[in-house]
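Student: I've got the model loaded and want to check the labels people put on it. Can we go through them one by one?
Tutor: Sure, let's set each label against its cut-off.

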Amino acid sequence: MEMQRQLLSGNEAIGRGAIEAGISLAVGYPGTPSTEIIEYLARHFSGQAMWAANEKVALEMAIGATYAGKRALCTMKHVGLNVALDPLMTAAYLGVKAGLVVIVADDPGAYSSQNEQDTRYLVNFAKIPCLEPSDSQEAKDMVIKAFDLSERFGLPVIVRSVTRVSHSYSPVIINEPKHENPTRIIKDPPTMIAVPSHVIACHKRLNEKQPKLIEWSNESGLNQIFKKRGQKKGIITCGVAYAYAAEFSDDFAILKIGAYPFDERIIKTFIRGLDEIWILEEGYPFIEDIALKYSKKIKGRRSGHIDMEGELGTEALRRHLIPNYSIPTIQLDAPLPGRPPVMCQGCPHREFYKSLNEAKPTFVAGDIGCYTLGAAPPLKALDTCLCMGASISKAAGMSLQGVNGVVAVIGDSTFIHSGITSLISAVYNKANILVAILDNSAVAMTGHQPTPATGVTAKGEEGGKIDLVELCKACGVDSIEVFSPYEDKEKNTATIKDKLNSKGVHVVISKAPCILSARKKKA
Ligand SMILES: Cc1ncc(C[n+]2csc(CCOP(=O)(O)OP(=O)(O)O)c2C)c(N)n1
């Protein structure tokens with residue numbers, strides 16, 4: 001094959017890496033900034049690339065594929081790993097039977113997320129390795145390395161990306177894909193059945209792997225020192241922050257961390273002879289807390305030199321690293337207006353909220369999706385939003401304390417992701433709530449991916465189709481009504497009012513396609 005170079009985003013490069021590593025399955029749940037990995041694979045991988053109902057299910061499906069001897073890729077955003085943490089923790093104990101790589105994309109600055117948590121702490125907690133790329137080429141190479149590492153140690157491996165790696169484009173060399181592993185059904189009870197009698201032995205095996213993982217990371221070449229003679233200042237960095245730090249390599253020696261866990265002695269070696277050491281890492285001060293054990297000259301987030309919150313970004317770095325740096329400013333006649341995200345004109349959620357506001361609920365527990373934008377003026381329709389699936393459970397919790405007139409508002413994808421079990425729990429515990437499922441037949445917030453209720457797969461093919469009405473009925477709700485948010489709004493308000501004043505768990509499904517996906521279909 002002739003050498004070929006392509007301009008790929010980090011997410012596309014991750015997808016390409018997975019193809020070249022010989023995966024048989026790619027499965028994930030949408031979430032910015034990770035979504036485009038499965039979308040790329042759905043277009044470019046002739047094998048299986050699919051969406052699961054949530055991240056936990058995605059990871060369990062990927063683990064299942066490894067029990068058939070196949071390599072599997074699983075993708076999610078950072079908060080998705082909280083959902084998938086249960087299988088991940090124990091998969092580390094049991095080990096995997098073929099390469100399993102989990103891509104977790106963090107969102108420093110929380111541009112599209114409910115928090116800016118740092119995946120490296122969960123990696124550490126699970127005692128598994130993690131690789132962290134700084135550009136698209138590294139993203140591809142590290143995915144391939146991660147599969148080999150996973151098979152060598154029999155462990156799931158995480159590749160941590162961040163928004164700026166996932167969404168930035170840089171050239172990537174394309175190579176021939178490896179052949180997929182042949183199917184072989186694996187049975188090995190002591191390493192596949194997590195019952196108490198096996199746990200201690202599994203945990204011991206996991207602990208015994210730890211020093212070997214450090215040896216591997218030492219030899220991997222992924223933790224590197226770049227130091228020129230006479231340099232007195234240094235930067236310890238990782239991921240995309242390495243790309244920023246590299247701009248200062250004339251003045252600063254650089255230690256780049258690409259593989260975790262790493263041998264802390266590399267920090268001791270690096271800081272020798274340096275008068276000032278900056279720690280540039282997106283996320284929480286993970287490396288900094290280790291470095292602080294070895295030097296008092298460390299400057300970073302923990303030591304108060306860089307803000308603890310928000311994205312590091314390039315501007316902040318220039319400000320810190322170049323003495324007397326002044327930010328060039330452009331004089332404007334008037335300040336630019338703020339442009340917070342808003343609901344689209346004609347969005348069906350907007351019309352639903354108008355009817356809901358007219359019904360004057362006591363409290364509205366929102367959830368995560370485009371409909372969260374209903375919290376903003378002029379609708380001001382929501383009183384709370386926490387994490388995916390929490391609306392129904394929070395509403396039930398309030399109702400069981402005697403608060404009447406509580407509504408949970410949840411999207412179709414979020415309902416399938418983690419609302420169903422909350423609905424069952426509300427019915428079981430005899431809550432008095434109204435659940436409004438805003439069914440726009442898409443995961444609109446993350447880019448109009450299909451859902452199990454649309455019956456279309458990630459590849460755009462016909463899949464199984466889940467009927468939300470039948471599903472709610474099967475959960476035992478007291479009543480269920482479907483209406484269009486555009487039509488007969490007075491009647492919709494009357495229906496909502498009636499359900500708010502009734503005992504039991506009631507569901508209304510406000511059904512109308514997302515205005516953008518409907519337009520896309522027409523075009
Ligand atoms: C645990 C977790 N996974 C993924 C996401 C990313 N995400 C934000 S909203 C959303 C779903 C939105 O779809 P839906 O509920 O159908 O509402 P819509 O945006 O279509 O109105 C997803 C997947 C997240 N915030 N948290």
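Student: What makes the 5-stranded sheet with mixed pairing an open one, and what is its strand order?
Tutor: Keep in mind that this is a predicted model. The order is S9-S11-S10-S13-S14. Strand S9 (224-226) and strand S14 (298-299) are the edges: each has a single partner strand, so one side of each has no neighbour in the sheet.

Student: How do you know that S13 and S14 count as paired?
Tutor: Two strands pair if there are at least two bridges between them. Strand S13, residues 276-280, shares 2 bridges with S14, in the parallel sense, so the cut-off of at least two is met. If you want a spot to look at, Trp-278 stands opposite Lys-299 in S14.

Student: Next, strand S7. Why is it called largely enclosed?
Tutor: Buried means under 20% relative accessible area. In S7 (residues 157-162), 6 of the 6 residues are buried, so the strand is largely enclosed by the rest of the structure. Both faces are covered: Val-157, Val-159 and Ser-161 sit on one side, with Ile-158, Arg-160 and Val-162 on the other.

Student: Which strands does S7 pair with, S5 and S6 among them?
Tutor: Yes, those two are the ones to look at here. Strand S5 (residues 100-106) runs parallel to S7 over 6 bridges, and Asp-106 has Val-162 as its bridge partner in S7. Strand S6 (residues 130-131) is also parallel to S7, joined by 2 bridges, with Cys-130 opposite Ile-158.

Student: What makes Asp-106 and Arg-160 a salt bridge?
Tutor: The criterion is a side-chain nitrogen of Lys or Arg within 4 Å of a carboxyl oxygen of Asp or Glu. For Asp-106 and Arg-160, the closest N and O atoms are 2.7 Å apart, so the pair qualifies under the 4 Å limit. The pair links distant parts of the chain, with Asp-106 in strand S5 and Arg-160 in strand S7, 54 residues apart.

Student: Are those two buried or exposed?
Tutor: The limit for buried is under 20%. Asp-106 has 1% relative accessibility, so it counts as buried. Arg-160 is also at 1%, so the label is buried there too.

Student: Which residues are linked with them in a network of salt bridges?
Tutor: The network holds Asp-106, Asp-118, Arg-120, Glu-132, Arg-160 and Glu-281. Within that set, Asp-118 and Arg-120 form a salt bridge with closest N and O atoms 2.7 Å apart, and both residues are buried. The structure holds 24 salt bridges.

Student: How do you know that Asp-250 and Lys-228 form a salt bridge?
Tutor: Their closest N and O atoms are 3.1 Å apart, so they pass the within 4 Å test. Asp-250 lies in the loop between helix H11 (239-245) and strand S11 (252-257), and Lys-228 in the loop between S9 and strand S10 (233-238), so the pair ties together parts 22 residues apart in sequence.

Student: Why is Asp-250 called exposed, but Lys-228 partly exposed?
Tutor: Exposed needs over 50%, and partly exposed lies between that and the buried limit of 20%. Asp-250 has 61% relative accessibility, so it counts as exposed. Lys-228 has 43%, so partly exposed is the right label.

Student: What about strand S16, how do you know that it is mostly covered?
Tutor: In S16 (residues 406-411), 6 of its 6 residues are buried. One side has Val-406, Ala-408 and Ile-410, the other Val-407, Val-409 and Gly-411, and both faces are covered. Strand S15 (residues 363-365) runs parallel to S16, joined by 3 bridges, and Ala-365 stands opposite Ala-408.

Student: Out on the surface, what makes the negative patch?
Tutor: Glu-358, Glu-487, Asp-488 and Glu-490 form that patch. Patch members need over 30% relative accessible area. Glu-358, in helix H15 (residues 348-359), has 53%, so it is exposed.

Student: And which residues make the nonpolar patch?
Tutor: Ile-330, Leu-332 and Leu-336, covering about 380 Å². Leu-336 is in the loop between helix H14 (313-321) and H15, and at 69% relative accessible area it is exposed.

Methods. Residues numbered from 1 in each chain as written. Predicted model: local features only at pLDDT ≥ 70, side-chain atom pairs only at ≥ 80, totals over all residues. Heavy atoms only, no water. Helix = DSSP H or I, 4+ residues; strand = E, 2+ residues; numbered from the N terminus. Patch = residues over 30% accessible without salt bridge, like charges linked within 9 Å, V, L, I, M, F, W, Y side chains within 5 Å. Areas by Shrake-Rupley, 256 points an atom, 1.4 Å probe, with all protein chains shown as cover. Lys, Arg positive; Asp, Glu negative; His and termini not counted. Charge placed at Lys NZ, Arg CZ, Asp CG, Glu CD. Buried < 20%, exposed > 50% of the residue type's maximum accessible area, 1.4 Å probe, protein only.
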